[in-house]
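Open the model in your viewer and keep the selection box handy. We'll go stop by stop: select, look, move on.

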Amino acid sequence: MIRQMVRHHNILSIVGNIITVSVAEAEDSSDAVTRFGDLAIVEDEFNTSIAQVIKIDRNEIALQVFSGTQGVSNAASIRFLGTAMKVTYSADILGRIFNSLGEPMDGGSNLAHDPKVGIDGPSVNPVKRILASKMIRTNVPMIDVFNCLVESQKIPIFSVSGEPYNQFLARIGIQADADVVVFAGLGLIFDDYHYFRTQFEEAGVFARTVMFCNQASDPIVERLLVLDMALAVAERFAVEEGKRVLVLATDMTAYADAMKEVGISMERVPANRGYMGDLYSQLARRYEKACDYDAAGSVTILSVTTMPGGDVTHPVPDNTGYITEGQFYLHDNMLDPFGSLSRLKQHVIGSETREDHSQIMNTMIRFYSGATEAEQKQAMAFDLSHFDEKLLKFGELFRKRFMRLDVSIQLEEALDLCWQTLAECFDESELLMKQVLIDKYFPKTKESANG
């Protein structure tokens, strides 16, 4: 308590949003030691701001000021609070919206007296993890049928800039069969923030949703807190209440840009394209929060990673690809079945889903691959066989019925539509599938399905 009353005035530098202050040598008492991640209050005659310790070098301590250092003078004082950043966790946070500092921003009740939890905890003990075995249904056929989203999976949506990735993410947040949805908005423009909020409210899912939002107009250093707050709350819901939690995050590239800006302010040596050398470990530390807990719930992470210039070799999607368990590839308003992959789908296909799921998935992708080759032959004016004509028809139906982002159907209905589409384009002998499945599911009539 006494140390919280000690004010430090010896500010050495103010660079960007980083203040470096010289403090007296720490006393022997452990209470007097300032630790990495501790909070501090920066005060001067006109402003009071919260800051966080991000570097300690002997008696020089660097602080990241959340609200920015604009207007802060060298005469400001600094008080260390001796505690790290915490976020409110209680049943009251469901249906609420919080800003980058974890404060309610929806005009609702003040939650100052609700319990708080730290946001900088370690990843889960591997002994407490169990193998992924349950599916999260989204009613998006390109996910449910072809690349299942599995509980405890960490998987990004790689999107070309300009694609409706936020609209797509909001749809998944509404349609997913998770118990709790925790949303982390990272550098959202106001229109996107308003879109997510209204979509969740109008769909009637707000009561199971918690939103943490950093808007583009907020100080960029606050963006680094939002994802940690969302993951800390998600972990608590999963461990203490046994909930199946889905964490939605957008946009991880904006998050990495914030880390880059802070790193440059600290005069750290940049690596690839200006990002810091620890980009991989920083991202992995967050993604590793995804877990299926033994005798408890689960945390699943679905994030958006935009690719500047559509470049999948950009450091952010490139590093993300090594951490996560697959990806969904979004371009031209469609999820590309060739660029998308769920490395955990084999854990649920056939065990959690219908017996024909695996065969129908492989057959549909095989025929769609043939359809793209037939389209190339057609574009180059080669002669097309009768089978090529069938493939062309199939490719058109496949894009219309399954790949469009606005398609929303349940898994079993989507599997039936797959059989119907095959029946409209091919004969039974051309499917090369198990006869027992063909006898059971292949439609005997070739009537066109609606849509």
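Which residue follows helix 8, and what is the sign of its phi? Select Ala381: this residue comes after helix 8, and its phi is positive, near 65 degrees. Keep in mind throughout that you are looking at a predicted model.

**The whole chain**

Now zoom out and show everything as a cartoon. The protein chain has eleven helices and 18 strands. Its C-alpha trace spans about 85 × 45 × 40 Å along the principal axes. Of the 451 residues, 54% count as buried. As for contacts with a separation of 6 or more, 73% of them come from residues 24 or more positions apart.

**Helix 8**

Go back and select residues 357–379, which is helix 8. From first C-alpha to last, its 23 residues reach 33 Å, close to the 33 Å expected at 1.5 Å a residue. Next, turn on side chains for the buried residues of this helix: His357, Ile360, Met361, Thr363, Met364, Phe367, Tyr368, Gly370, Ala371 and Ala374. You may spot a rhythm in those numbers. An α-helix has 3.6 residues a turn, so residues three or four places apart point the same way. What do the buried residues of helix 8 pack against? Add helix 1 (141–144), helix 9 and helix 10 to your selection, and you have their packing partners.

**Helices 9 and 10**

Keep two of those partners on screen: helix 9 (residues 386–403) and helix 10 (residues 411–425). Their axes are 9 Å apart, and the two pack at an angle of about 155 degrees. That angle makes helix 9 roughly antiparallel to helix 10. The crossing of helix 9 with helix 10 is right-handed.

To see who does the touching, show these side chains:

- from helix 9: Lys390, Lys393, Phe394, Leu397, Arg401 and Phe402
- from helix 10: Ala414, Leu417, Cys418, Thr421, Leu422, Glu424 and Cys425

Colour them by character and you'll get eight nonpolar, one polar and four charged residues in this contact.

**A buried leucine in helix 4**

Jump to Leu224, which sits in helix 4 (residues 223–241). Is Leu224 buried or exposed? Leu224 is buried, with a relative accessible area of 15%, which falls under the 20% cut-off. Leaving out neighbours within four places in sequence, show the residues that Leu224 contacts: Gln64, Tyr255, Ala258, Met259 and Val262. For a distance check, pick Ser67 too: the C-alpha atoms of Leu224 and Ser67 are 13 Å apart, while 157 residues separate the two in sequence.

**Backbone oddities**

Last, a few spots where the backbone deserves a look. Select Thr250 and Asp251, which are joined by a cis peptide bond with omega at about 5 degrees. Asp251 lies in the loop between strand 13 (244–250) and helix 5 (252–265).

Next, select Arg273, in the loop between helix 5 and helix 6 (279–287). Arg273 is not a glycine, yet its phi is positive, about 50 degrees. Switch on the surface and you'll find Arg273 partly exposed, with a relative accessible area of 45%.

Finish at Leu432, in the loop between helix 10 and helix 11 (435–441). Leu432 has a positive phi too, near 55 degrees, and is likewise a residue other than glycine. With 70% relative accessibility, Leu432 counts as exposed.

How values were computed:
Residues are numbered from 1 along each chain as its sequence is written. This is a predicted model: local features need pLDDT of at least 70, side-chain atom pairs count only at pLDDT 80 or more; totals for chains, interfaces and linings use all residues. Side-chain values use heavy atoms; hydrogens and water are left out. Axes are lines fitted to C-alpha atoms, for helices over the stretch in contact, and angles run from 0 to 180 degrees between N-to-C directions. Helices (H or I, at least four residues) and strands (E, at least two) are DSSP runs, numbered from the N terminus. Angles under 35 degrees count as roughly parallel, over 145 as roughly antiparallel, 65 to 115 as roughly perpendicular and the rest as oblique. A crossing is left-handed if the near helix is turned anticlockwise from the far one by less than a right angle, and right-handed if clockwise. Contact means heavy atoms within 4.5 Å. Ala, Val, Leu, Ile, Met, Phe, Trp, Tyr, Cys and Pro count as nonpolar, Asp, Glu, Lys and Arg as charged, and the others, Gly among them, as polar. The expected span of a helix is 1.5 Å times one less than its number of residues. Buried means under 20% relative accessible area, exposed over 50%, partly exposed in between (1.4 Å probe, protein chains only).
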